[in-house]
Amino acid sequence: ESVTWICGRTDVFAGAAVLGALAVQRRGGDAAWRAWLAAPLLLVGLLSKEVALAGVGAFALRELLAARAGRQDLRAAARRLAPVAGVTVLWAVARSVVVGGLSLVGRPLWGRLVLACEALATYVWMIVTPWNSQLIIGDSTVLEWPVAAAGAALGLLGVFFVWRFRARITEGGWAFGALAALAIAPVLHVIPVNYSVLAYDRFL
């Protein structure tokens, strides 16, 4: 779908740029120039699709984890994050001028969390029953509490497993976990987006 459908190609461009930025992110003697190389790659991703903001979050998390582990100090992390912050601000200004700023207007936080639980359970059910395909599923304005409760249970189970095996998760694992979580946040309605349905087939 992402290759043959023109609207899906933005995902490919954004994903390739973000993964490229994370691939060149390294520490050591050549760390400074690598950070400056990663920044324009992230800008390309942001200009392709807003979901590339997840890459900015993953990049920042890797730097902060390195500082926490003592492999670099906070000043070094700040210097490496400066070009990334710069291109993010540049993109935000350009987007605001062209299409308007990102809107955070919508449900209160608790309402978005309940909706996120309902969406999570719905997507898991869609994976378990792929033969029951639907283009548009549910209504985000009508909460189904049993489904939301099932989603909450799945979410808590996921948190438990992450906490249980946290010692085995590498720095890269945390970074890519953050990348995945931030990327699916709009799909799960955690970050408000302008659609009224609960789930879409193509979001899987």
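**Figure 1. The buried residues of helix H5 are covered by, among others, strand S1 (136–137), helix H6 (145–164) and strand S2 (199–200).** This is a predicted model, in which local features need pLDDT of at least 70 and side-chain atom pairs count only at pLDDT 80 or more, while totals for chains, interfaces and linings use all residues. Residues are numbered from 1 along each chain as its sequence is written, and side-chain values use heavy atoms, with hydrogens and water left out. Helices (H or I, at least four residues) and strands (E, at least two) are DSSP runs, numbered from the N terminus. Helix H5 spans residues 109–128, and its 20 residues reach 29 Å from the first C-alpha to the last, close to the 28 Å expected at 1.5 Å a residue; this expected span is 1.5 Å times one less than the number of residues. Among the buried residues of H5 are Gly 111, Arg 112, Val 114, Leu 115, Glu 118, Thr 122, Tyr 123 and Met 126, where buried means under 20% relative accessible area, exposed means over 50%, and partly exposed lies in between (1.4 Å probe, protein chains only).

**Figure 2. The chain has 7 helices and 2 strands.** Read from the N terminus on, its elements follow the order α-α-α-α-α-β-α-α-β. Of the 204 residues in the chain, 33% are buried. If one takes the contacts between residues at least 6 apart in sequence, 76% of them join residues at least 24 apart, a contact meaning heavy atoms within 4.5 Å.

**Figure 3. The largest nonpolar core has 20 residues.** A nonpolar core is a set of buried Ala, Val, Leu, Ile, Met, Phe, Trp, Tyr and Cys residues joined through side-chain atoms within 4.5 Å. The residues with the most contacts inside the largest core are Val 18, Leu 22, Leu 42, Phe 59, Val 84 and Leu 179. At least two residues of this core come from each of helix H1 (9–24), helix H2 (31–48), helix H3 (53–68) and helix H4 (74–98). Leaving aside residues up to four places away in sequence, Leu 22 touches Gly 55, Ala 58, Phe 59, Arg 62, Phe 176 and Leu 179. A second, separate core has 10 residues, including Leu 115, Tyr 123, Met 126 and Ala 199. In soluble globular proteins, nonpolar side chains tend to be buried together.

**Figure 4. H3 and H4 pack with their axes 9 Å apart, at an angle of about 170 degrees.** The axes are lines fitted to C-alpha atoms, for helices over the stretch in contact, and the angles run from 0 to 180 degrees between N-to-C directions. That angle makes H3 roughly antiparallel to H4, because angles over 145 degrees count as roughly antiparallel, whereas those under 35 count as roughly parallel, 65 to 115 as roughly perpendicular and the rest as oblique. On the side of H3 the contact is made by Leu 53, Val 56, Phe 59, Ala 60, Glu 63 and Ala 67, and on the side of H4 by Leu 74, Ala 77, Arg 80, Leu 81, Val 84, Thr 88 and Trp 91. Sorted by class, this contact has 10 nonpolar, 1 polar and 2 charged residues; Ala, Val, Leu, Ile, Met, Phe, Trp, Tyr, Cys and Pro count as nonpolar, Asp, Glu, Lys and Arg as charged, and the others, Gly among them, as polar. After H3 comes Gly 70, whose phi is positive, near 85 degrees.

**Figure 5. Ala 17 lies in helix H1.** With a relative accessibility of 7%, Ala 17 counts as buried, and the buried residues of H1 also include Val 18, Ala 21 and Leu 22. Ala 17 touches Leu 41, Val 44 and Gly 45, not counting residues up to four places away in sequence. The C-alpha atoms of Ala 17 and Leu 42 are separated by 6.0 Å, although these residues are 25 residues apart along the chain.

**Figure 6. Ala 181, in helix H7 (residues 171–184), is the first of two partly exposed residues shown here.** The relative accessible area of Ala 181 is 46%, and its C-alpha is 8.0 Å from that of Ala 54, although the two are 127 residues apart in sequence. Gln 134 is placed in the loop between H5 and S1 and is partly exposed, with a relative accessible area of 38%. Gln 134 and Tyr 200 are 66 residues apart in sequence and 7.7 Å apart in space, C-alpha to C-alpha.
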